[in-house]
Amino acid sequence: MLQIEGYHKAYHGQTILRIPAVTFDQPRTWIKGGNGAGKSTLFKSLAALIPFEGTITLNGKEMRKHLQHWRSVVNYAEAEPIFPAFLTGEDLIRWYQQTKRGTPEQVNKLIDTLGVRKYMHQKVGGYSSGMAKKLSLVLAFIGCPELILLDEPLATLDVEAQAIILALTDEYVQQGVQVILTSHQGLAAVSEQWQYVHTCLIADKNLTQL
Ligand SMILES: Nc1ncnc2c1ncn2[C@@H]1O[C@H](COP(=O)(O)OP(=O)(O)OP(=O)(O)O)[C@@H](O)[C@H]1O
């Protein structure tokens, strides 16, 4: 269960997002909002990557008091991932495997599920946007996360890969992992499970539960 209280984020004195109090207690949450609404800003806050005002608590542990633990159990895939161009996909996968404590079996399964094996020995600088997206999604599922944040996971993926991603999130949800994603696309068309999703909307710099 994820709880946010007294959240406020501003850039250069201008409020981007305000959340007085919200609890995400459903396994699947879909955050909607137009371009520039603040979805990525919220995700970067939840992933403890940017400073913000307020408190965020996951399964009883407050982020700032348990930062190391937080980083080990919260996985995040950016909307438009950028990786160091000189590294190969395999370099990144092995690094995440070590830091997130993924097993070789888990990682091999993710590599094959997302079809990354055929190009993972190439340097990331030569990847197409869809190839980089698939790599970022492999990384987001490594380890034993309690919360997975997927920012626009379906963007740039073909329909087959979109269905694979939502099926994979369902697998993790069955194991008790909470998944929050953003999408400009309809989800129910890709996976039946996402018909039962908890939905939130960011509008006018506020988050509303629908
Ligand atoms: N580093 C930054 N410095 C200043 N302003 C920023 C920064 N990052 C984001 N913003 C601003 O914060 C607002 C929210 O941006 P954000 O990327 O969170 O939106 P989003 O909902 O993810 O948009 P999109 O759907 O287009 O990806 C925008 O007005 C953006 O210009």
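Which residue in E4 does Gln 3 stand opposite? Thr 57 is the partner. Keep in mind that what you're looking at is a predicted model.

## The strands at the start

Let's begin with E1, which covers residues 2-11. On one side, E1 joins up with strand E4, residues 53-58, through 5 bridges. The two run antiparallel, and the Gln 3 and Thr 57 pair is where you can pick this up by eye.

E1 also pairs with strand E2, residues 14-24, again in the antiparallel sense, this time over 9 bridges. To find that pairing, look at Leu 2, which sits opposite Phe 24 in E2. E1 and E2 make a hairpin with 2 residues between them. His 12 is in that turn, and its phi is positive, at about 50 degrees.

## Around the ligand

Now for the ligand. Its surroundings include Tyr 11 and Ile 16, then Gly 33, Asn 35, Gly 36, Ala 37 and Gly 38. Lys 39, Ser 40 and Thr 41 are there too, along with Ala 79.

Which helix gives the largest share of this shell? That would be H1, residues 39-46, with 3 residues. By character, the shell splits into 6 polar, 4 nonpolar and 1 charged residue.

## The annotated domain

The unreviewed UniProt entry places an "ABC transporter" domain at residues 2-210. Over that stretch, the chain is 31% helix and 28% strand. The C-alpha atoms at its two ends are 17 Å apart.

How values were computed. Residues are numbered from 1 along each chain as its sequence is written. This is a predicted model: local features need pLDDT of at least 70, side-chain atom pairs count only at pLDDT 80 or more; totals for chains, interfaces and linings use all residues. A residue is near a molecule or strand if its C-beta atom, placed from the backbone, lies within 6 Å of it. Helices (H or I, at least four residues) and strands (E, at least two) are DSSP runs, numbered from the N terminus. Ala, Val, Leu, Ile, Met, Phe, Trp, Tyr, Cys and Pro count as nonpolar, Asp, Glu, Lys and Arg as charged, and the others, Gly among them, as polar. UniProt positions are given in the numbering used here, feature names are shortened, and annotations may be inferred rather than shown by experiment. Two strands pair if DSSP finds at least two bridges between them.
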